[in-house]
Amino acid sequence: MKVTITTLNGDVLFNLDVADDLELGKFKEACAPDAGIKGNQMDIIYEGARLSDDAKPLSHYKIKEGDVLLAQAKATTPASPIPQTGSLGLSRPSGLPAAPLLDFSSVVIPGALGGNVSRPSGSTGGNRPSRDDPVFLRDMFLSNPEQLAMLRSNNPQLADALEKGVEEFKRVFDEQKKMKEEKDRMQLRLLQADPFDPEAQRLIQEEINRQNIASNMETALEFHPESFGSVTMLYINCRVNGHPIKAFVDSGAQSTIMSSGCAARCNVTHLIDSRWSGIAKGVGTQKIIGRIHLGQIQIEEDFLPSSFLILEQQDMDFLLGLDMLKRHQCSIDLKDNVLIIGTTGTKTRFLNESEIPTNDKFS
């Protein structure tokens, strides 16, 4: 079975594949290299209780596949203080995957020798400008293109605020600083908490979960970055009553839909049968003002009969639903990026993102 082992401050997290009949003492020895604690000096905590008998197997303690165990030294040692960073964006506590923050301690001020911070005019004595001063930091980034580029990469929110003026930069800076201080306080509470306290165990589990989520996102950014981009929806060019339309192909919609504005532009409003009015329900609700029982959709050289529901408020002009797609045996070919009309064999390409109307794009 595979179990996860972590330490009290959450800076160590690893998995071990062990047999359920493995003795606790041997399990501690297996954990020792990764945990950084000698086996004979290690306590294992499970569900808030310390496992005491090294001669008994893991199954005796009802440890199961996927469980999380806490490894800690037997001797109680004073909690290590949280590293003081002096400014927003330095190394954040392990397991707190906040928005990426820039390490200002690595910023080299233009004109400063050896990485020392140059004193602004008027400063006296040995005092240096504080890296917590948003006005000083903003001027520093604006005067150093290289560090400004790093800020845009590591902390885009703060970089955007920098370009909007001093007040906006100070507001975002203060918000991020408070967020970091709160996370520092949370980790300090964890370091000082009684490991047998159920509330402490809950907080530790939350930290582990946040670590796993942050690690999962970092892996996705490295190996599957395209998943963070937007997907272009499927549109085709067609005509209704001779008027060109960019139609959204939606196999998840039950009916073919036209907006009331599009119906007016195509001069087909006189065909709307208001007896079919009602409410369309889906992600939201919209008012159906009627139905056109038979209309011609021209795709390439084909003229395909179809019926349309007319919606009063509809962002998209025209939506080809499953009723029309099934009636004409259409196939969505994503390899060749075309819609195939099965009844005629005609192919029409899907539009590029630049050809889709701006108000129809999905973010």
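Start by selecting strand S7 and strand S12 (residues 318-320): this pair runs parallel and is joined by two bridges. Within the pairing, look for Val-249, which stands opposite Leu-320 in S12. Keep in mind as you go that this is a predicted model.

Next, keep S7 (residues 243-249) on screen and add strand S6 (residues 235-240); these two pair in the antiparallel sense, over six bridges. If you wonder what holds such strands side by side, strands of a sheet pair through backbone hydrogen bonds, either parallel or antiparallel. Now zoom in on Val-240, whose bridge partner in S7 is His-243. The hairpin of S6 and S7 has two residues between the strands, and here Asn-241 takes a positive phi near 55°.

For a change of scenery, select helix H6 (residues 198-223), where you will find Met-217. Show Leu-221 and Phe-228 as well: together with Met-217 they make a nonpolar surface patch of about 300 Å². Is Met-217 buried, partly exposed or exposed? Its relative accessible area is 45%, so Met-217 counts as partly exposed.

The last stop is an open sheet of three strands, in the order S13-S14-S15, with antiparallel pairing. Colour strand S13 (331-333) and strand S15 (346-349) to see the edges, as each of these pairs on one side only. On average, neighbouring strands of this sheet are turned by 25° against each other, direction ignored. Then select strand S14 (residues 338-341), which is joined to S15 by four bridges in an antiparallel run. To finish, find Leu-339 and look across to Thr-348 in S15, which stands opposite.

How values were computed:
Residues are numbered from 1 along each chain as its sequence is written. This is a predicted model: local features need pLDDT of at least 70, side-chain atom pairs count only at pLDDT 80 or more; totals for chains, interfaces and linings use all residues. Side-chain values use heavy atoms; hydrogens and water are left out. Two strands pair if DSSP finds at least two bridges between them. Patches are made of residues with over 30% relative accessible area and no salt bridge: like charges are joined within 9 Å, nonpolar side chains (Val, Leu, Ile, Met, Phe, Trp, Tyr) within 5 Å. Accessible areas come from the Shrake-Rupley method with a 1.4 Å probe; for residues, only the protein chains shown count as cover. A salt bridge is a side-chain nitrogen of Lys or Arg within 4 Å of a carboxyl oxygen of Asp or Glu. Buried means under 20% relative accessible area, exposed over 50%, partly exposed in between (1.4 Å probe, protein chains only). Axes are lines fitted to C-alpha atoms, for helices over the stretch in contact, and angles run from 0 to 180 degrees between N-to-C directions.
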